[in-house]
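Biologist: Please show the structure, and then let us discuss the terms used to describe it.

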Amino acid sequence: MSGFRNMRRPGGVDLVGAGPGDPGLLTLDAAAALEQADVILHDRLIPEAILALASPTAERLYVGKARANHSVRQEALNELLTQRAREGHYVVRLKGGDPLVFGRGGEEAAALAAAGIPVRIIPGITAAGGCAAYAGIPLTHRDHAYRCQFVTAHRRAEETGLDWDALVGPHQTLVVYMGLHTLAEVCGEMVAAGTAATTPAALVEHGTRPQQRVVTGTLDDLPQRARALALESPCLLIVGDVVEARTPPAGIPAEEAHGAGD
Ligand SMILES: C[S@@+](CC[C@H](N)C(=O)[O-])C[C@H]1O[C@@H](n2cnc3c(N)ncnc32)[C@H](O)[C@@H]1O
């Protein structure tokens, strides 16, 4: 065992945040949990460099949910977590970013607790924090934004659209998770709700990873720029004047696409 603190708790489950991709962004407790786990159930977005921290004897199960490809349904996943814990294993449920930010961590924790399984939550750096830092975009800024909100563009079919009037406007930043596939729609809805089409916006693709790309533009032209560059998931949308206050960090290996098309 390394110098990490002892996380092992046979019969229990830890919901562990893996951060947005760069292994350097793991917390010490997340790394220790990975190293000590008997069973690891992980999402699609977890890089191999992070999974490599696991013991070679650990059982590793991929339970990722690619868009429209729910390889393991949530109920079956909860059942699997419960079963492995009841067998006496120390189980780590490894999730991208932070388990409690658009990650169903709350649902999993509640299901485990209801089944009598002791559960802990180990936070991770959420995509907004990681992507903003590695793209050099401040989420708040005394000159540009005193409020920052996180929303998801992906909601249950029966839910109505977001109340864009309340979400975008002067002196605020909006971070949209899972917004790539509906980017044109989302940007169009913001403009229809009264936001200036010239509002600065950025997309961070594969944030914090070696292949990170950052595309900047406005609500008006960002969808077309994203299409031209064939951006793919995972991608995070940041909207607001803070995008113009960007200072690209030195030394971050990122293939940049500043205002592509200029
Ligand atoms: C299901 S949500 C999970 C969010 C995660 N729990 C978190 O706290 O970051 C997945 C979405 O997070 C965003 N995301 C996660 N990792 C990302 C990354 N490395 N770069 C850009 N966006 C990312 C994307 O919008 C993606 O569609």
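Modeller: The exchange below concerns the ligand and the residues around it.

This is a predicted model, in which local features need pLDDT of at least 70, side-chain atom pairs count only at pLDDT 80 or more, and totals for chains, interfaces and linings use all residues. Residues are numbered from 1 along each chain as its sequence is written, and side-chain values use heavy atoms, with hydrogens and water left out.

Biologist: What makes a residue part of the surroundings of the ligand, and which are the closest?

Modeller: A residue is near a molecule if one of its heavy atoms lies within 4 Å of it. The ligand is surrounded by 18 residues, the closest being Pro20, Val101, Thr126, Ala127 and Cys235.

Biologist: Why is the pair formed by threonine 126 and the ligand called a polar contact?

Modeller: A polar contact is a pair of N or O atoms within 3.5 Å. A polar side-chain atom of threonine 126 is 2.6 Å from an oxygen atom of the ligand, so the pair qualifies. Polar backbone atoms also take part: that of glycine 96 lies 3.0 Å from a ligand nitrogen atom, and that of methionine 178 lies 2.8 Å from a ligand oxygen atom.

Biologist: How much of the ligand does the protein bury?

Modeller: The protein buries 89% of the 570 Å² that the ligand exposes when taken alone, with areas from the Shrake-Rupley method and a 1.4 Å probe.

Biologist: How do you know which domains supply the shell?

Modeller: Domain bounds come from an automatic or database domain assignment. Domain 1 (13-122) and domain 2 (127-245) each give at least three residues to the shell around the ligand.

Key
A polar contact is a pair of N or O atoms within 3.5 Å; within protein, one must be able to donate a hydrogen and the other to accept it, and residues adjacent in sequence count only if both atoms are side-chain atoms.
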